[in-house]
Amino acid sequence: MPDSCPDPGPDADPKCNSNSNSNSDPDQAMAPPQHPGAPSVGPPSRPPDDTYGHVPFGDPRALWPALGASRRARRRALLAPLTRTAGPPPERQHLTWVGDLQQGDGGKGAMADRLAPVHQIAVRVQGGDNAGHTTVFRDAEGGEHTLKNHLLPSGLRHPGVLGVIANGVLVNPQTLAEEVALFAPHAAALRRRLVISDRAHLVLPLHQLVDGRQESGGGRCSDVIGTTRRGIGPANVSKANRIGIRVRDLRDPDLLRRRIEQNVRFFGLPSGHADSDLAWLESYRDLLLSLATDTVGLLAAAADSGYSVLMEGAQGPVLDVEHGTYPYVTTSPTAFYSVTSGTGLDGSLVGHRVGVLKAYQTMVGNGPFVTEDAGELGDRLRRTGQEFGTTTGRSRRCGWLDLAHARWAAGLNRYTSVVVTKLDILDGFERIGVCVGYQLPNGDYGEFVPDHAYLERCRPLYCWLPGWRRRTRGLTRYDRLPPEARGFLRYIADFLGLEVAAAGTGPADRDLLVDPAARLAGLLPAPAAAGLLRAVRTGREKRTTP
């Protein structure tokens, strides 16, 4: 198409391209309108050998109306699950991402669940079933439930929300089938409001076998990272090596077999693994293909149509394969840029970047942890906070909050709001340590740098804040929080230079105190937004940022 012929777009009116000229000359009847300064475009001097549908030679725009109609029909088909689930777009659109300021485990799933009711789409952006998210809630009869999801987007228990497992997610079919069955009693019509990207890559038993072999190898073939052994790293290796298996490949048995055999050879496995993995995949084929769609097209059409989209990340930026503490990272992107690579959406459309920050520091797996406490403090935080991995059940390493680390994460991901979680776990401490920087071996001060060797040499520099002796769990008003707890939140806000919009004082969806003056308050439905969390950062208070 010549540069002078712009694409009319998916919603162009076909009448705009019709010609009302009644001249009997076919070339004149089909001639495009002449715009000032536009070059004249005539019929081709030599017709092509095959016209593929008898395209009129005089009008290079003659197919535009039919193509536009085809695009609109495809758009309607892509949006069908959404319109059936959520109805028309809302009056006000929100595009929101929920990420983490630490390694992970800060409560992204619970936060996404709280935000889901004001969005029509909940999207899992990246990672795989190596990430676990937990939601605690009460049903209409008052019964309390705990849901743990590893692949499904958080928030699907709310009606009117379409769940999307996007192209950046690595899908273990067995985990998906188990979660769909587990969530069914709590998520009405789940199968009708869940879709999976046909471009998402699959995690096979052979990937899990290779992952376990690497972790058990004592560093002979690779460093022992402390992975969940869910096969995520090897599946990403297959993906990068262009032998990965996507959901859409299940439609082509010959291609599927060839890809699995390539993986078996690549990873040096016995040939019998090909047949066993093929048989394993066959048992999930119907489920996967029944949910498969073009999620990139769906999300683009939804955003263009005015629907609100909630995007849920997995892990934290320190584990990002590009920007984290390599090699102690996951093999997927975890920073904000994963929104674009993992969904196809333009990241600049995201107006709310919500970062969860646990009131203390935790970590699972190997790697540097500057504020780790291997003694009484660590044991107390682990025991009181129930710090055991959702996915593996492993004990998490614990220590005081590292704000130097959080400040680096805030600079990388540019959060618009921070939610401090598990504030109640610090109840009863006489004083609370907060790491604000590091001391290097030569005596100099240092900031967080995502480098393993550097962080191993760092020692934490603590500031000590007064603790509070009163219980915070169950409170519904900010003005009933101990003054010391409010001072702790204010200290975090000032150090990060960011709005601390809410504080979590328990695991349940109701255990959140929200600042009504914060940007985030407008996204949180009652009862979360009903808490009278007055401004952690107000214009009347003088602030200094370190």
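Where does R246 lie? R246 sits in the loop between α6 and α7, and this report starts there before moving on to other parts of the chain. The structure is a predicted model, in which local features need pLDDT of at least 70 and side-chain atom pairs count only at pLDDT 80 or more, while totals for chains, interfaces and linings use all residues. Residues are numbered from 1 along each chain as its sequence is written, and side-chain values use heavy atoms, with hydrogens and water left out.

**The chain as a whole**

The chain has 15 helices and 20 strands; both are DSSP runs numbered from the N terminus, with helices being H or I of at least four residues and strands E of at least two. Of its 546 residues, 52% are buried. Here, buried means under 20% relative accessible area, exposed means over 50%, and partly exposed is in between, using a 1.4 Å probe and protein chains only. Contacts, meaning heavy atoms within 4.5 Å, can also be sorted by sequence separation. Among those between residues at least 6 apart in sequence, 74% join residues at least 24 apart.

**R246 and helix α7**

Back to R246, which is partly exposed, with a relative accessible area of 24%. Leaving out residues up to four places away in sequence, R246 touches D198, R199, A200, H201 and L202. One of these, A200, is 46 residues from R246 in sequence, yet their C-alpha atoms are 5.4 Å apart in space.

After that loop comes α7, a helix of 14 residues (residues 253-266). At 1.5 Å a residue it should span 20 Å, and its end C-alpha atoms are 20 Å apart, so the two agree; the expected span is 1.5 Å times one less than the number of residues. At the start of α7, a side-chain oxygen of D252 comes within 3.2 Å of the backbone nitrogen of D254. Just after the helix, G268 takes a positive phi of about 70°.

Which residues of α7 are buried? They are L255, L256, I260, N263 and V264. An α-helix has 3.6 residues a turn, so residues three or four places apart point the same way. The cover over the buried residues of α7 includes α5 (205-215), α6 (232-240) and α8 (272-282).

**D402, a buried acid**

D402 lies in strand β14 (residues 401-402). D402 is buried but has no salt bridge, and R407, the nearest side chain of opposite charge, is 11 Å away. A salt bridge here is a side-chain nitrogen of Lys or Arg within 4 Å of a carboxyl oxygen of Asp or Glu; for charge, Lys and Arg count as positive and Asp and Glu as negative, with His and the chain ends not counted.

What does the side chain of D402 make a polar contact with? Its partner is the side chain of Y438, at 2.7 Å. A polar contact is a pair of N or O atoms within 3.5 Å; within protein, one must be able to donate a hydrogen and the other to accept it, and residues adjacent in sequence count only if both atoms are side-chain atoms. A polar atom of the D402 side chain also lies 3.1 Å from the backbone nitrogen of A404. Leaving aside neighbours within four places in sequence, D402 is in contact with Q361, V370, T371, C435 and Y438.

**Three residues side by side**

The table gives A303, V309 and H352; neighbours up to four places away in sequence are not counted among the contacts.

| Residue | Element | Relative accessible area | Contacts |
|---|---|---|---|
| A303 | α10 (residues 295-305) | 12% | Q93 and L345 |
| V309 | β10 (residues 309-312) | 0% | H94, L95, T96, H119, I121, V123, L299 and L345 |
| H352 | β11 (residues 352-358) | 12% | H94, L95, T96, W97, T416, R519 and L523 |

A303 and L345 are 42 residues apart in sequence, with their C-alpha atoms 8.4 Å apart. For V309 and W97, the separation is 212 residues in sequence and 8.5 Å between C-alpha atoms.

**Cysteines**

How many disulfides does a search of the whole structure find? The search finds zero, where a disulfide is a pair of cysteine sulfur atoms within 2.5 Å. For C463, the closest cysteine sulfur is in C435, 9.0 Å away and therefore too far for a bond. C463 is partly exposed, with a relative accessible area of 29%, while C398 is buried at 0%.
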